[in-house]
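Dear colleague,

I am passing a structure on to you, and I would be glad if you looked through it before reading my notes underneath.

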Amino acid sequence: MTIDAISLDRMFHALSDSSRRGMIDRLGLGPASVMELAAPFPMALPTVMKHLNVLETSGLVQSAKTGRVRTYQLRQERLAELERWIGERKAVWNSAFDRLDQLLAEEEPKP
């Protein structure tokens, strides 16, 4: 499955902020409420909500509301898609470097 450009841009944008990456790290341990996610950060609750909205819009997290508590959880399949996309690029780069190594080895003077 290929990630479309808009989804990819949204995921990279969401991961570009250290606070959001911290929230992703916390959600890697399991679902968490807004208050649990906000606790380690020195920011107002509305700011935390904006960060969570960016994460949810990117598709990296999803939320559910039970009563008055909104709980977020990580969508690991979205991280796997991102990892797959990066892996494809890495394979292309490694192949190019391997060809360069081979070319340089062929041009080395033999003693």
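What follows describes one helix and the packing around it.

The model is predicted, and local features need pLDDT of at least 70, side-chain atom pairs count only at pLDDT 80 or more, while totals for chains, interfaces and linings use all residues. Residues are numbered from 1 along each chain as its sequence is written, and side-chain values use heavy atoms, with hydrogens and water left out.

Helix α5 covers residues 76–107 (helices are DSSP runs of H or I, at least four residues, numbered from the N terminus), and its 32 residues reach 46 Å from the first C-alpha to the last, close to the 46 Å expected at 1.5 Å a residue (the expected span being 1.5 Å times one less than the number of residues). Its buried residues are R78, E81 and L82 (buried means under 20% relative accessible area, with a 1.4 Å probe and protein chains only), and what covers them includes α1 (5–15) and α4 (45–58).

α1 packs against α5 at an angle of about 105°, with the axes 11 Å apart (axes are lines fitted to C-alpha atoms over the stretch in contact, and angles run from 0 to 180 degrees between N-to-C directions), and the two are therefore roughly perpendicular (65 to 115 degrees; roughly antiparallel is over 145). In this contact (heavy atoms within 4.5 Å), S7, L8, M11, F12 and L15 of α1 meet R78, L82, W85 and I86 of α5.

Between α1 and α4 the angle is about 150° and the axes lie 8 Å apart, so these helices are roughly antiparallel to each other.

Best wishes

Conventions: Buried means under 20% relative accessible area, exposed over 50%, partly exposed in between (1.4 Å probe, protein chains only). Angles under 35 degrees count as roughly parallel, over 145 as roughly antiparallel, 65 to 115 as roughly perpendicular and the rest as oblique.
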